[in-house]
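Hi there,

I'm passing along the structure we talked about, with some notes on what turned up in it. Have a look at it first, then read on.

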Amino acid sequence: MAANLLVAAVLNAVTFLVHAVGLIGLTHLMTKVIERSSVRERRWAKLVALFLLAMGLFLLLSVEIAVWAACMIGIGAFPDFETAFYFSTSAFATIGFGDVPPAREWRLLAAMEGVTGFLIV
């Protein structure tokens, strides 16, 4: 149990750091897109900025999920990246399909991934 909580604490710190840096970058990007447009182009610039935000968030969440998946492989909870990424996406999004369980000794870590995803999303 202690190992699960320690790994979860480290992954939480990494996830929140990546998320914070990513959100700051996306905010700057959106601001630049809108500020660099003329008054007549503002509506399109806002549309482009929102599109970039949506794609940026998708990419950001994918990176965060990949970090959890890589860790799950590293600790032996899953045999390959595809399975680990599938599981992590399900857990992070708090869907929890349950069709691909982690190794028994890492179940608490898997639950903590769901809590992290809930807090981030």
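Let me start with T94, which is partly exposed because its relative accessible area is 46% (buried means under 20%, exposed over 50%, and partly exposed in between, with a 1.4 Å probe and protein chains only). T94 sits in the loop between α3 and α4, and its phi is positive, about 60°, although it is not a glycine. Helices here are DSSP runs of H or I with at least four residues, and strands are E runs of at least two, numbered from the N terminus.

Before going further, please keep in mind that this is a predicted model, in which local features need pLDDT of at least 70 and side-chain atom pairs count only at pLDDT 80 or more, while totals for chains, interfaces and linings use all residues. Residues are numbered from 1 along each chain as its sequence is written, and side-chain values use heavy atoms, with hydrogens and water left out.

Now to α3 itself. Its 12 residues should span 16 Å at 1.5 Å a residue, and the end C-alpha atoms are 15 Å apart, which agrees (the expected span is 1.5 Å times one less than the number of residues). Buried in α3 are A84, F87, S88, S90, A91 and F92, and their cover includes α1, α2 and α4. A84 is a good one to click on: this residue of α3 counts as buried because its relative accessibility is 0%. Beyond its neighbours within four places in sequence, A84 is in contact (heavy atoms within 4.5 Å) with A69, M72, I73 and F78. The C-alpha atoms of A84 and I73 are 6.7 Å apart, with their positions 11 residues apart along the chain.

The other helix to look at is α2, residues 42-74. Does its length fit, you may wonder? What span should its 33 residues have at 1.5 Å a residue? The expected value is 48 Å, and its end C-alpha atoms are 47 Å apart, so the two agree. Its buried residues are A45, A49, G56, L60, E64, I65, W68, A69, C71 and M72. Covering them are, among others, α1 (2-35), α3 (81-92) and α4 (107-120). After α2 comes G76, with a positive phi near 85°.

The helices also meet in the largest nonpolar core, which has 19 residues (such a core is a set of buried Ala, Val, Leu, Ile, Met, Phe, Trp, Tyr and Cys residues joined through side-chain atoms within 4.5 Å). V7, L11, M72, F78, F87, W106 and L109 have the most contacts inside it. Two or more residues come from each of α1, α2, α3 and α4, and the largest share, five residues, is from α2. Leaving out residues up to four places away in sequence, W106 touches A3, N4, V7, I75 and A77.

In α1, H19 counts as buried because its relative accessibility is 11%. Its contacts, again beyond four places in sequence, are L60, L61, E64 and I120.

On the outside, F16, V115, F118 and L119 form a nonpolar surface patch with about 420 Å² of accessible area together. Three of the patch residues come from α4, the largest share. L119, in α4, is exposed because its relative accessible area is 57%.

Enjoy exploring it!

Definitions and conventions
Patch = residues over 30% accessible without salt bridge, like charges linked within 9 Å, V, L, I, M, F, W, Y side chains within 5 Å. Areas by Shrake-Rupley, 256 points an atom, 1.4 Å probe, with all protein chains shown as cover. Salt bridge = Lys/Arg side-chain N within 4 Å of Asp/Glu carboxyl O.
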